[in-house]
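Q: Please take a close look at the salt bridges in this model. After that, go on to the pockets and to the loop and helix that follow them in your account.

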Amino acid sequence: AGHKVLVIGDWGQEKSSSSRPGQEMTARAMGKYLEDNSETKYIVSTGDNFYSDGVTSPESERFDTSWREVYWVDDYPVMRSLTWYISVGNHDHTDNEDELHQVTFGISEDQWEFDNLWHSWEDFENGFSVLWVVVDTQSMRHDKHDVEAQLQWFEETIASSNADYKIVVGHHTMYAAGRYPGSTTVRRMIQDIMEQYNVDIYICGHDHNLQHTRIKDAGSQEH
């Protein structure tokens, strides 16, 4: 058996949004997959958790209307039981730093794992280890929340790990073939570090479609 997780990004719609039926349809597909693959360990979010401007407090009703009411459904008890590991995207950030409300929310909600805008965890499964590292690419792009501290933490976390596999999660693409170009800022800040310490995969959102790329002359690193 492998190491199964479910990854989703760009998902949190208002009830009144024309995109809400698409979110609900995706949730049903997730629930069906998880019932058939109950060994899946958790769900990872690549950000843009609450369109269009994040949440205004840790008690925002959006945690119910855009998250619990969509994914915590009785028809799919496996999905309801899983922890979500969170990152944030551009739609979660505001000039008032409302993105921090999602961190605060995680203090009281065990299934919302988000103790900092950048964080990491390590898994052991079937004889191998996986390091997961979440970065806040919107802060990198807009020089928020002490980017130098984030980058120092990022390099130290990856450099000090002996995990068999290293996976980085962010919101923005580094390279893309869709609507948005890859972020040159994110590439400049973390790509060399990822290559130096043999990161295997970079998982991201933002482009609203599924892409799988491999960087030429960058070993086996995949995006």
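A: The answer below starts with the salt bridges, turns to the two pockets, and ends with a loop and a helix. The model is a predicted one.

Begin with the charged pairs. Side chains of opposite charge can pair when their charged atoms come close. In this model the count of salt bridges comes to 11. Three of them are described here, among them a pair inside one helix.

That pair is E24 and R20, whose closest N and O atoms are 3.0 Å apart. Both residues belong to helix α1, which covers residues 20-36. They sit four residues apart, and that is about one turn of the helix. The two ends of the bridge have their own degrees of exposure. R20 has a relative accessible area of 5% and counts as buried, because buried means under 20%. E24, at 33%, is partly exposed, because that value falls between the 20% limit for buried and the 50% limit for exposed.

The next salt bridge joins the side chains of K41 and D123, with 3.6 Å from N to O. K41 is in the loop between α1 and β2, while D123 is in strand β5 (residues 119-125), so this pair ties together parts that are 82 residues apart in sequence. K41 has a relative accessibility of 28% and counts as partly exposed. D123 is buried, its relative accessible area being 11%.

K41 has another partner. E125 also forms a salt bridge with K41, and here the closest N and O atoms are 3.2 Å apart. E125 lies in strand β5 and K41 in the loop between α1 and β2, so parts 84 residues apart in sequence are tied together by this pair. E125 is partly exposed, with a relative accessible area of 22%. Through shared partners, the salt bridges join K41, D123 and E125 into one network.

Now to the empty space. Rolling a probe the size of a water molecule over the atoms shows where empty space is left. The largest pocket holds about 570 Å³ of space. It is lined by 23 residues, and those closest to its centre are I203, C204, N209, L210 and Q211. Two elements, β1 (6-8) and β8 (201-203), each give two or more residues to this lining. The element that gives the most is β8, with three residues. Sorted by class, the lining of the largest pocket has nine nonpolar, 11 polar and three charged residues.

The second largest pocket has a volume of about 200 Å³. Its lining includes I8, G9, D10 and W11, as well as S19, G22, Q23 and T26. Y71 is also one of the lining residues. Helix α1, the helix that holds E24 and R20, gives the most to this lining, with three residues. By class, the second largest pocket is lined by three nonpolar, six polar and one charged residues.

The loop between β3 and α4 comes next. T94 has its place in this loop, and it is buried, with a relative accessible area of 15%. A polar atom of the T94 side chain lies 3.0 Å from the backbone nitrogen of D98. If neighbours within four places in sequence are left aside, T94 is in contact with D53, E99 and K144.

E97 is found in the loop between β3 and α4 as well. With a relative accessible area of 35%, E97 is partly exposed. Not counting residues up to four places away in sequence, E97 touches K144 and H145. K144 therefore appears in the contacts of T94 and in those of E97. E97 and T56 are 41 residues apart in sequence, and their C-alpha atoms are 9.4 Å apart in space.

The loop leads to helix α4, which covers residues 100-108. Which residues of α4 are buried? They are H101, Q102, V103, F105 and G106. These buried residues pack against α2 (62-71) and β4 (112-113).

Terms used:
Residues numbered from 1 in each chain as written. Predicted model: local features only at pLDDT ≥ 70, side-chain atom pairs only at ≥ 80, totals over all residues. Heavy atoms only, no water. Buried < 20%, exposed > 50% of the residue type's maximum accessible area, 1.4 Å probe, protein only. Contact = heavy atoms within 4.5 Å. Salt bridge = Lys/Arg side-chain N within 4 Å of Asp/Glu carboxyl O. 1 Å grid on protein atoms, 1.4 Å probe; cavity = no way out; pocket = protein on both sides within 12 Å on 5 of 7 lines; lining within 4 Å. Points joined across faces, edges and corners; volume = space filled by probe spheres on them. Nonpolar A, V, L, I, M, F, W, Y, C, P; charged D, E, K, R; others polar. Polar contact = N/O pair within 3.5 Å; in protein donor to acceptor, adjacent residues only side chain to side chain.
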